[in-house]
Amino acid sequence: MNFMYERILGGKNGAIGLAILAVLILIVLPLALDLFRLNLVGKYLTYAFAAVSLVLLWGYGGILSLGQGVFFGLGGYCMAMFLKLEASDPVTTKIQSTPGIPDFMDWNQLTELPWFWEPFNSFGFTILAVLLVPTIFAFIIGFSMFKRRVGGVYFAIITQIIALILTVLIVGQQGYTGGINGITDLKTIHGWDIRDDSSKYILYFINAFLLLAVVFASRFILTSKFGRLLMAMRDKEDRVRFSGYDVSNFKIFVFCFSAMISAIGGAMFTLQVGFMSPSFVGIVPSIEMVIYAAVGGRMSLIGVIYGTLLVNFGKTMFSETFPELWLYLMGALFIGVVMYFPNGLAGIWEKHGHKLVGCVKNMQCVSSIKTMIESKRTARLSAESASGK
Amino acid sequence: MSYTDFTLAIEDLTVSFDGFKAVDSLNLYVDKDELRVVIGPNGAGKTTVLDLICGKTKSTSGSIKFKNKELTELAEHEIVHAGVGRKFQTPSIYENLSVYDNLEVSYPKGRGVFGSLMFKNTEEVDARIKEVASEIFLGDFLDMESALLSHGQKQWLEIGMLLIQDPELLMLDEPVAGMSVKEREQTAELLNRICKGRSVLVIEHDMDFVEKIAHKVTVLHQGRILAEGDMQSVQNNPEVIEVYLGH
């Protein structure tokens, strides 16, 4: 029980934060918003998976990845491949020259299903692929870089380039991937229509519960000795190495884990939004994910979820009214946060939140302000009388 | 290579950086229970020797045997697992963590990825951390964030982080740099205490301090050994005097 409380919930503060978040996304938002808006929140929350992954990787590990979109996208594409195959049964695609294969393959003169698409007929395989394809990919990248001690800005640049390469690859291999349009017209899982209103609610809640589960798992990692080692590595990598730890293994693990989390988000994105395209894989979404983490507070598993929601609400609002200004605003936001609030929303909350809570609790705000004004006035009066003399 | 009784046996060790030989066919033997101090002018190759032993720098040729195990072929963490601990010149501690956490992170259990995830702080671990903390004069500072420690206390903490691993060879690079007179005395006492049952290799400039701790002194100059022996004989060696005062 104690283990649960300290290690998974993160003690008293962690538990309260989690409870508030859970109430917000499981009760308040579903009751307060119409389905269209709730679906939008669900979409934002899928990005939060990537933001949480960056807390481990970037906040604690000091490893800045500008390629989390890669893993988000791979997870999303794996899920989309399954849905697309189910949506492309021979009856609905009978007008194609080759019925039974996804429409975009037919447009690109493919006459049979490519071999790597075959296993995605199975839902079980798809779930495994969502989790393992990005993790194995991250392992290959992580192994080849961390074993050679590539880090810092070089790692950031390389991950960004991988994001670019993958986008180019997906766009270029239209017949196999759906190209720039992505994989669209997704309909059912074993006949269960994901576009229904009720399915949208169900998917929203599955997504919310998965996100909370991911926060639990991440908390478990961060409160273990592994978590302290991550911080230690960020500050004094050599000291950790010469204390008998194989630093690269720890980095590889955290990179793989962060990839897996992001991939879950990507798969849930595909399910809730109903398509997947290269625009969620590339450089821009990857950097946006870093901004969500920075705004929310990269050391806070809960803060980044609020950060993600806030930035995305802002994006939706502003891009409806001033679409051309949004990108500049987001850039300014990022710079501002990094310069003035390095710990983001979570940092502001930690600094000033307890005052707010205390005020609400005791209603002493008024009296404390009164005393403050009072003492200032006496100070000024005495200063004036002193200068008068 | 020959079989030796020494804890540390360095033979014919050479490292050259683009032709410059920072360490040049060095032979150095350290016994168990011995506290050896290496001195020498700037650029003599003192720190490089420590770098070579702990695997930070790879040697060009020669051998480093620790308990008859060749270290030059091992990775850094394997050298630590073999029983070698090294303190860096500037105190290298985890400033964001408390003194307690610094020691816990250095505790030699749960060194793998999954081991560290499952690592549990048992009573045994807790007792050991407190024991080491009081040994390094930080028993009352366990909960303090280590960034707030004084420079000297940071030096001690790093020594403690090595002690908790109970290494058989302890290497300290300028352990009293930036310490007050009183702290130096305490450190001398600490080193005399901890060199029992292990070998200690210290690099130091402060001659008063060296006199207090050294069993034997090795003088390095331009990557070679200039003199070796007890403090008295080294101080009276005309070549040593020439190197230190002549230029």
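## A tour through chains B and A

Begin by selecting strand S2 of chain B, residues 20-30, in which Ser25(B) is found. The model is a predicted one, and the backbone angles of this serine are worth displaying: although Ser25(B) is not a glycine, its phi is positive, at about 35°. Ser25(B) counts as partly exposed, because 14 C-beta neighbours lie inside 10 Å.

A second residue with a backbone angle of this kind can be selected next. Phe137(B), which is not a glycine either, has a positive phi near 65°, and its place is in the loop of chain B that runs between helix H5 (123-135) and helix H6 (151-163). With 18 other C-beta atoms within 10 Å, Phe137(B) is partly exposed.

**The sheet of chain B**

Now select the strands S6, S7, S8, S3, S9 and S10 of chain B, which in that order form an open sheet of six strands with mixed pairing. At the edges stand strand S6 (84-87) and S10 of chain B, and each has a single partner strand, so one side of each is left without a neighbour in the sheet. Looking along the sheet, one finds that neighbouring strands are turned against each other by 20° on average, direction ignored.

Within this sheet, display strand S3 (residues 35-39) together with strand S8 (residues 199-203) of chain B: the two run parallel and are joined by four bridges. Val37(B) can be picked out here, since Val202(B) in S8(B) stands opposite. Then add helix H1 (residues 46-54) of chain B, which lies across S3, S6, strand S7 (169-173), S8 and strand S9 (216-221) of that chain and runs at about 145° to S7(B).

Which strand holds Leu226(B)? Leu226(B) lies in strand S10, residues 224-229 of chain B, and S10 is one of the two strands at the edges of the sheet. Leu226(B) nevertheless counts as buried, because 20 C-beta neighbours lie inside 10 Å. Residues up to four places away in sequence being left out, Leu226(B) touches Val219(B), Leu220(B), His221(B), Glu239(B), Val240(B) and Val243(B). For a distance across chain B, select the C-alpha atoms of Leu226(B) and Ser150(B), which are 76 residues apart along the chain and separated by 36 Å.

**Where the chains meet**

Turn next to the contact between the chains, to which chain B contributes 23 residues and chain A 21 residues. On the side of chain B that touches chain A, helix H2 (76-82), helix H3 (99-106) and helix H4 (113-118) each supply at least two residues, and H2(B) gives the most, with four residues. That side of chain B is made up of ten nonpolar, eight polar and five charged residues.

**Into chain A**

Which residues have the most contacts inside the largest nonpolar core? In this core of 162 residues they are Ala48(A), Ala51(A), Val52(A) and Ala293(A), while helix H12 (residues 247-273) of chain A gives the most to the core, with 16 residues. Centre the view on Ala293(A), whose contacts, neighbours within four places in sequence aside, are Ala51(A), Leu54(A), Val55(A), Trp58(A), Arg298(A), Val304(A) and Gly307(A).

End the tour at Phe318(A) in helix H14, residues 303-321 of chain A. Phe318(A) is partly exposed, with 15 other C-beta atoms within 10 Å, and, residues up to four places away in sequence not being counted, it touches Leu325(A), Trp326(A) and Leu329(A). The C-alpha atoms of Phe318(A) and Ser88(A), which are 230 residues apart along the chain, are separated by 38 Å.

Methods:
Residues are numbered from 1 along each chain as its sequence is written. Chains are lettered from A and ligands numbered from 1 in the order in which they are written. This is a predicted model: local features need pLDDT of at least 70, side-chain atom pairs count only at pLDDT 80 or more; totals for chains, interfaces and linings use all residues. A residue is buried if 20 or more other C-beta atoms lie within 10 Å of its own, exposed if 12 or fewer, and partly exposed in between; C-beta atoms are placed from the backbone. Two residues are in contact if their C-beta atoms, placed from the backbone, lie within 7 Å. A nonpolar core is a set of buried Ala, Val, Leu, Ile, Met, Phe, Trp, Tyr and Cys residues joined through C-beta atoms within 7 Å. Ala, Val, Leu, Ile, Met, Phe, Trp, Tyr, Cys and Pro count as nonpolar, Asp, Glu, Lys and Arg as charged, and the others, Gly among them, as polar. Two strands pair if DSSP finds at least two bridges between them. Axes are lines fitted to C-alpha atoms, for helices over the stretch in contact, and angles run from 0 to 180 degrees between N-to-C directions.
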